[in-house]
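Me: Hi! I have a new model open and would like to talk through its strands with you. Could you take a look?
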Amino acid sequence: VQLQASGGGLVQAGGSLRLSCTASGLIRRINAMSWYRQAPGSQRELVAVATNGDNTNYADFVKGRFTISRDNAKNTVYLQMSSLKPEDTAVYYCSAAVVRYGSNRPSDYWGQGTLVTVSS
């Protein structure tokens with residue numbers, strides 16, 4: 001199973017970006033799909049989670065600004081980021097809890113990360 005993230009870049013404060021992450025491989029089912037981020041010198045932190053039941057949860061620092069969504073037919077998760085702030089600058093990672101064919105238990109997989117830089 002591989003996760004491929006894209007959509008990062010340089011944006012001015014107040015701007016918007018949309019990140020995408022697509023899972024591929026022998027996927028039987030994907031449970032939760034998530035976005036994390038890691039700023040320089042900081043620990044990786046959870047940004048948002050989308051379950052396969054369309055429930056979503058957000059970190060307080062992105063509520064009202066970021067929206068996570070999924071296209072289950074495409075095994076893809078999105079993160080629409082608006083009203084970006086310089087403190088949102090980080091490498092953003094996607095993660096998915098995947099049940100592979102031949103297994104009944106999910107395993108966590110990670111994408112390679114995509115850099116988001118917000119200039120002031």
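Me: In what order do the 4 strands of the open sheet sit?
Reply: The order is 1-3-8-7, and the pairing is antiparallel. Do keep in mind that this is a predicted model.

Me: Thanks! Which ones are the edge strands?
Reply: Strand 1 (2-6) and strand 7 (66-71) are the edges, as each of them pairs on one side only.

Me: And what does the twist average from one strand to the next?
Reply: The average is 15°.

Me: Let's walk across, then. How many bridges are there between strand 1 and strand 3?
Reply: There are 5, with strand 3 covering residues 17-24 and the two strands antiparallel. To find your place on screen, look for Ser-6, which has Ser-20 of strand 3 standing opposite.

Me: Got it. How many bridges join strand 3 to strand 8?
Reply: That antiparallel pair has 6 bridges. Here a handy landmark is Thr-22, which faces Thr-76 of strand 8.

Me: Now for strand 8 itself: how many of its residues are buried?
Reply: Strand 8 (residues 76-81) is mostly covered, with 5 of its 6 residues buried.

Me: What about the other side, how many bridges join strand 7 to strand 8?
Reply: Again an antiparallel pair, joined by 6 bridges. Ser-69 has Tyr-78 in strand 8 as its bridge partner.

Me: How many residues lie between strand 7 and strand 8 in their hairpin?
Reply: The hairpin has 4 residues between the two strands.

Me: Changing topic to backbone angles. What is phi at Asn-75?
Reply: Asn-75 has a positive phi of about 50°, although this residue is not a glycine. You'll find Asn-75 in the loop between strand 7 and strand 8, so it belongs to the hairpin turn we just discussed.

Me: Is Asn-75 buried or exposed?
Reply: In between: Asn-75 is partly exposed, with a relative accessible area of 24%. Buried would need a value under 20%, so Asn-75 does not count as buried.

Me: Where is Ser-83 found, by the way?
Reply: Ser-83 is in the loop between strand 8 and strand 9 (90-100). Ser-83 also has a positive phi of about 50° without being a glycine.

Me: What is the relative accessible area of Ser-83?
Reply: The value for Ser-83 is 42%. Exposed starts over 50%, so Ser-83 is classed as partly exposed.

Me: One last thing: how do strands of a sheet pair in general?
Reply: They pair through backbone hydrogen bonds, in either a parallel or an antiparallel way. In this sheet, the pairing is antiparallel.

Terms used:
Residues numbered from 1 in each chain as written. Predicted model: local features only at pLDDT ≥ 70, side-chain atom pairs only at ≥ 80, totals over all residues. Heavy atoms only, no water. Pairing = 2+ DSSP bridges. Axes fitted to C-alpha atoms, helices over the stretch in contact; angles between N-to-C directions. Buried < 20%, exposed > 50% of the residue type's maximum accessible area, 1.4 Å probe, protein only.
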